[in-house]
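Visitor: I am new to this structure and would like some help in reading it. Could you take me through it step by step?
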4 protein chains.
Amino acid sequence: MNFASDTASPAHPKVIEHLIAANAGPAVSYGADGWTLQAEALLSDMFEAPLRASFVSSGTACNALALALLSPPTAGIICHSQAHINCDERGAVEFYSHGAKLLTLGGKHGRIDAKSLQALLQSVDESFVHAIPPKAISISNLSEAGACYSPRQVSELTRIAKSAGLTTHMDGARLANALAFLAIRPADITWGSGIDILSFGLTKTGAMAAEAVILFGEAIDKFDELQARRKRAGHLPPKQRFIAAQIIAMLENDLWLETANHANQMAKLLEEGLRNSKVIILHPVEGNEVFAQLSPNQTSQLQDGGVAFYTWPDGSARFVTNWGTDKSEIDKALMLL
Amino acid sequence: MNFASDTASPAHPKVIEHLIAANAGPAVSYGADGWTLQAEALLSDMFEAPLRASFVSSGTACNALALALLSPPTAGIICHSQAHINCDERGAVEFYSHGAKLLTLGGKHGRIDAKSLQALLQSVDESFVHAIPPKAISISNLSEAGACYSPRQVSELTRIAKSAGLTTHMDGARLANALAFLAIRPADITWGSGIDILSFGLTKTGAMAAEAVILFGEAIDKFDELQARRKRAGHLPPKQRFIAAQIIAMLENDLWLETANHANQMAKLLEEGLRNSKVIILHPVEGNEVFAQLSPNQTSQLQDGGVAFYTWPDGSARFVTNWGTDKSEIDKALMLL
Amino acid sequence: MNFASDTASPAHPKVIEHLIAANAGPAVSYGADGWTLQAEALLSDMFEAPLRASFVSSGTACNALALALLSPPTAGIICHSQAHINCDERGAVEFYSHGAKLLTLGGKHGRIDAKSLQALLQSVDESFVHAIPPKAISISNLSEAGACYSPRQVSELTRIAKSAGLTTHMDGARLANALAFLAIRPADITWGSGIDILSFGLTKTGAMAAEAVILFGEAIDKFDELQARRKRAGHLPPKQRFIAAQIIAMLENDLWLETANHANQMAKLLEEGLRNSKVIILHPVEGNEVFAQLSPNQTSQLQDGGVAFYTWPDGSARFVTNWGTDKSEIDKALMLL
Amino acid sequence: MNFASDTASPAHPKVIEHLIAANAGPAVSYGADGWTLQAEALLSDMFEAPLRASFVSSGTACNALALALLSPPTAGIICHSQAHINCDERGAVEFYSHGAKLLTLGGKHGRIDAKSLQALLQSVDESFVHAIPPKAISISNLSEAGACYSPRQVSELTRIAKSAGLTTHMDGARLANALAFLAIRPADITWGSGIDILSFGLTKTGAMAAEAVILFGEAIDKFDELQARRKRAGHLPPKQRFIAAQIIAMLENDLWLETANHANQMAKLLEEGLRNSKVIILHPVEGNEVFAQLSPNQTSQLQDGGVAFYTWPDGSARFVTNWGTDKSEIDKALMLL
């Protein structure tokens with residue numbers, strides 16, 4: 001009954017299979033291998049667009065590399081005040097961007113409020129050299145509160161941002177879960193909604209360690225800079241085929257979506273069960289996360305019964321399901337209440 | 001017949017076995033798992049010393065994190081002019097250290113010349129605020145030219161360095177090969193020879209992607225800073241057990257040494273064969289690398305015959321053997337000359 | 001009738017006199033001159049404490065150098081959300097500190113609320129490597145809203161901060177005005193109240209360009225690092241005697257306090273006049289700044305009559321007096337309402 | 001008899017006059033004043049070209065800001081191994097550029113050897129992501145050895161550099177002396193010879209602290225970025241009129257050239273005198289610096305007689321004359337030998 005994080009999950013057996021297959025004989029190092037080519041092609045097919053992709057081993061590296069491409073050190077990056085990049089990456093964006101500033105906005109359920117965005121952008125005076133002007137926006141989908149942005153919502157934010165000259169980034173550490181919930185094509189919520197660079201996460205939905213920085217449209221021009229920054233950061237692994245093979249494994253037959261779907265269903269079951277036990281659910285469950293307001297009693301009942309979850313800074317309990325969560329774990333956990 | 005790099009090698013089957021074993025069920029993420037604890041304990045046993053270790057997925061990250069701990073941005077790091085950190089890591093040390101300067105020295109076969117080191121350190125005037133004073137030295141063992149430093153040689157350099165107040169780092173991307181050649185205990189060439197922080201590479205000798213930043217002695221105090229910097233750099237992988245499992249696989253029964261030994265023997269065979277064909281060998285073969293001076297004719301004969309090797313900046317040909325190199329490949333390659 | 005900023009003021013005639021006197025013949029460059037020694041000694045006398053001081057030409061450099069000494073790149077610096085370092089220095093602290101994060105708190109009249117500070121510090125979990133822990137606090141006195149911290153108020157903040165292991169900084173760009181208001185000794189509000197490093201501003205109170213980073217107590221150990229960082233930032237002027245001479249000029253016979261006193265009195269007159277005209281004053285006038293809520297009518301009356309002031313982000317009007325403000329300017333401005 | 005450095009010289013009386021004149025009443029701060037406009041216009045007239053200029057208080061800041069505009073953090077900047085930016089600015093370029101690497105070349109008398117430049121550029125393989133490609137070149141005129149580049153020599157270097165896609169910078173800390181020696185128009189040796197950004201020094205030739213980053217041609221597009229970086233570095237002084245006034249003073253009636261001319265003549269006298277005393281002069285005296293090889297005897301004779309000079313890292317003695325050097329000082333110094 002481990003609901004502490006989807007990063008606590010093992011890798012999907014298909015990932016292991018592909019790793020074994022990729023382990024036959026020598027291969028060109030540093031990304032000039034066939035698996036890398038194939039993985040990038042599969043991504044392009046899946047997103048139905050030309051793109052360039054770089055593979056890294058953590059979501060933090062993914063976000064930080066992406067945003068360093070979009071904002072100079074002298075500028076700012078707009079994000080939600082609860083965004084992972086603002087709260088949980090130890091200043092990785094500041095490190096990679098050489099000191100760009102995160103400019104935070106509020107908004108319900110971890111989604112940036114469009115009106116606040118508009119107000120912030122209208123207040124910017126580019127000629128005032130003393131203040132930091134925003135140059136990029138980062139949108140997390142799923143949000144940190146487990147909620148989804150719809151294509152309409154993303155488009156609204158990117159439209160406002162772009163009309164003020166900003167570039168756009170999506171932190172898609174749990175994009176799989178968002179897409180499973182929305183049941184739309186990946187294109188619709190990414191470049192189709194105005195996203196320039198995507199951090200596409202596959203680790204939480206079943207890989208060992210495989211994330212991709214994906215450049216769409218004009219951002220493709222930044223690929224050489226991305227490669228240079230990636231190497232400089234030590235995120236160009238010599239035997240890159242082993243990340244690429246994981247990506248191939250996850251994309252084949254839409255395994256990544258199937259696993260996300262399962263995780264989402266488990267979260268729904270958990271939500272229903274908690275609601276039945278009169279537990280207040282704080283955010284819409286639109287992916288694989290359930291934020292619940294537990295009484296001290298309920299907290300002990302669950303923890304004493306062996307249920308692992310994470311206490312959020314606001315005091316609520318965050319339950320995260322994953323591709324390997326079994327229905328019996330949900331049932332057993334709910335029985336404890 | 002791939003002698004382009006030891007990074008072209010696949011992972012050892014034992015590594016795959018351990019990955020599969022580690023893939024059973026959930027585990028605490030971000031390094032608080034049992035595999036990580038075990039791997040660190042095995043390292044401590046192997047180095048016969050208290051230590052702290054952080055695991056990362058590339059040698060570049062390993063070196064850059066280590067050196068950022070040893071030098072402030074305002075200081076310099078002494079290394080050989082041909083050092084990997086100086087020539088092949090796209091400024092990773094400069095990035096991680098926020099602009100520390102690599103101060104380069106010469107020396108035969110990629111080994112820093114002790115007299116030059118002494119001369120450099122004697123010329124430093126700490127009170128002259130305009131110049132960059134060295135605060136650390138980085139020694140590569142194997143050197144970039146495939147040569148070994150003996151414990152005596154390392155000790156001489158670290159003694160000179162420490163008496164001038166410097167801290168010491170060893171780039172051990174191929175330490176396995178050096179140790180296989182020297183046939184001494186790992187302690188003797190590392191902390192026993194005055195090394196504060198070691199970049200310990202296991203990828204080239206058989207892992208998929210597993211390197212360790214290892215802190216010895218007083219450097220252990222820097223462990224919290226290392227963890228913070230590692231997280232900030234995106235090198236704290238959420239499912240860290242999969243790096244730890246590789247390290248366990250490589251350390252078990254000294255697999256890392258066995259694989260290095262094999263690679264070294266293959267290099268010796270290659271060296272002998274090349275010498276027999278009157279090819280000039282440029283550096284002592286003390287690990288798994290052979291630097292040869294080929295005629296244009298010999299170059300084409302080999303390349304046309306399907307032998308992959310790397311043309312070094314000085315025009316020579318670098319052949320690297322690895323744990324998977326088969327004697328038949330050496331024989332077949334030599335037949336082409 | 002220029003109330004736009006105290007930086008719009010010229011230099012005091014005594015400053016010019018000292019510049020002329022310092023301009024006789026050659027002098028050792030880069031700070032090894034007699035004026036620099038004398039200025040540092042005068043500062044030590046004035047603050048009644050051992051100290052080390054470095055002179056720079058802007059308050060931004062002063063703050064950024066000071067805070068880079070107090071916080072590593074991986075940590076955070078607590079400040080008021082309206083602090084100059086947060087809003088008006090284009091990310092200088094982030095630049096100099098290599099990406100430390102400003103962690104902002106609220107509080108009335110630009111003064112950090114002690115309870116919020118306590119709450120923030122209690123919520124810190126140093127073992128959680130993902131989040132940025134605060135390592136320093138920066139207190140602006142005068143605050144950005146023109147209010148004073150008393151020694152008791154500063155001591156309360158520094159006591160809370162220090163008991164959580166933080167170091168302390170005071171942005172004293174207008175410390176002269178604060179001291180003129182408080183009528184206490186400089187020691188009482190700085191090291192006597194727990195301040196480790198002070199940015200001591202003399203430009204606004206009468207110099208051309210003269211600010212000092214002042215290290216007290218244990219922070220004195222960081223002097224060599226300060227010098228190195230200052231040189232590296234291009235803030236070690238070759239002919240440093242000319243900054244030192246300005247500092248001497250301002251300290252002699254407490255000129256800096258006399259000028260601040262005058263500015264404060266002019267601000268009081270302005271405040272009274274505005275209140276008499278039913279203008280709402282938003283913050284206590286405890287220095288040389290008056291924040292007023294003007295009607296559109298009043299705004300035009302003043303601007304059309306040639307009164308220069310600055311429109312604050314919150315829509316209010318900020319009037320700043322300086323050492324050269326003449327009572328007749330106040331009278332003439334008030335007549336326009 | 002102070003020949004230690006031209007930075008040991010006082011400011012020219014005309015500079016003081018202009019400072020006094022600029023000190024009348026309030027003026028808009030942060031560079032929006034009339035003096036700044038006038039100084040920039042005078043520079044444009046003098047260089048006979050459209051340009052944008054930012055004024056700072058040290059040559060180090062000037063060079064570092066200029067080069068941060070020309071090289072991304074992932075690239076390199078070519079310079080002479082003895083260049084001031086490489087040896088005497090405590091890593092300022094590395095700091096401002098966020099870790100760009102100085103790639104050094106040799107060449108007689110501190111002048112970059114054109115053939116070495118060509119060879120270096122031909123060896124660059126942009127597709128090799130591991131190595132740092134040069135993106136800019138920095139040429140010091142005067143060189144660190146006191147020698148001049150002619151327009152033909154500068155043009156040769158910039159032509160080679162530009163054909164490889166590099167941008168170009170001139171460190172003109174002593175450009176005044178070079179121009180006085182060459183007796184050509186400032187345009188000829190700067191934009192007319194292919195220079196994109198110039199660090200134009202006026203401090204050594206008579207100002208208190210006044211240097212200008214000057215953007216020519218397409219580099220003018222980088223002006224906003226320059227302003228942002230300058231503010232961020234604390235090099236936008238609030239009372240900027242006082243730097244501008246110095247620049248006006250130095251440009252009026254070509255005072256900067258007149259003072260440089262005088263300094264150069266004094267250096268020539270010194271050179272002749274030293275040669276007459278059989279002292280070996282190491283570099284062509286083409287400005288205000290004389291590098292001499294003194295015997296221990298000669299060294300003591302001069303030092304005991306009160307002559308200040310600087311011992312260069314190579315053991316030679318560097319004598320620098322300035323606008324205020326009197327012929328009698330030369331005579332008196334020479335008499336000691």
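Visitor: Which rotation superposes chain B on chain D?

Guide: Before the answer, a word on what you see: this is a predicted model, where local features need pLDDT of at least 70 and side-chain atom pairs count only at pLDDT 80 or more, while totals for chains, interfaces and linings use all residues. Residues are numbered from 1 along each chain as its sequence is written, and chains are lettered from A and ligands numbered from 1 in the order in which they are written. Copies are superposed by least squares on the C-alpha atoms of residues with pLDDT of at least 70 in both. Here, chain B falls on chain D after a rotation of 180° with 0.0 Å of shift along the axis, at an RMSD of 0.0 Å. The two copies are thus related as by a two-fold rotation axis. In chain B, Gly99(B) has the C-alpha nearest that axis, 2.3 Å from it.

Visitor: How many residues of chain B are in contact with chain D?

Guide: Two residues are in contact if their C-beta atoms, placed from the backbone, lie within 7 Å. By that rule, 15 residues of chain B touch 15 residues of chain D. Chain B's side of this contact has six nonpolar residues (Ala, Val, Leu, Ile, Met, Phe, Trp, Tyr, Cys and Pro), five charged (Asp, Glu, Lys and Arg) and four polar (the others, Gly among them). Since 100% of the interface residues of chain B are also interface residues in chain D, the copies meet through the same surface.

Visitor: And which rotation superposes chain B on chain A?

Guide: For that pair the rotation is 180° with 0.0 Å of shift along its axis, and the RMSD is 0.0 Å. The C-alpha of chain B nearest this axis belongs to Ala233(B), 3.6 Å away.

Visitor: Now the sheet: in what order do the four strands of chain A lie?

Guide: Strands of a sheet pair through backbone hydrogen bonds, either parallel or antiparallel. Strands (E, at least two residues) and helices (H or I, at least four) are DSSP runs, numbered from the N terminus, and two strands pair if DSSP finds at least two bridges between them. In chain A the open sheet runs β8-β9-β11-β10, with antiparallel pairing. β8 (280-281) and β10 (310-311) of chain A are at the edges with a single partner strand each, so one side of each has no neighbour in the sheet. Two bridges join β8(A) to β9 (residues 289-293) of chain A, and Ile281(A) has Ala292(A) as its bridge partner in β9(A).
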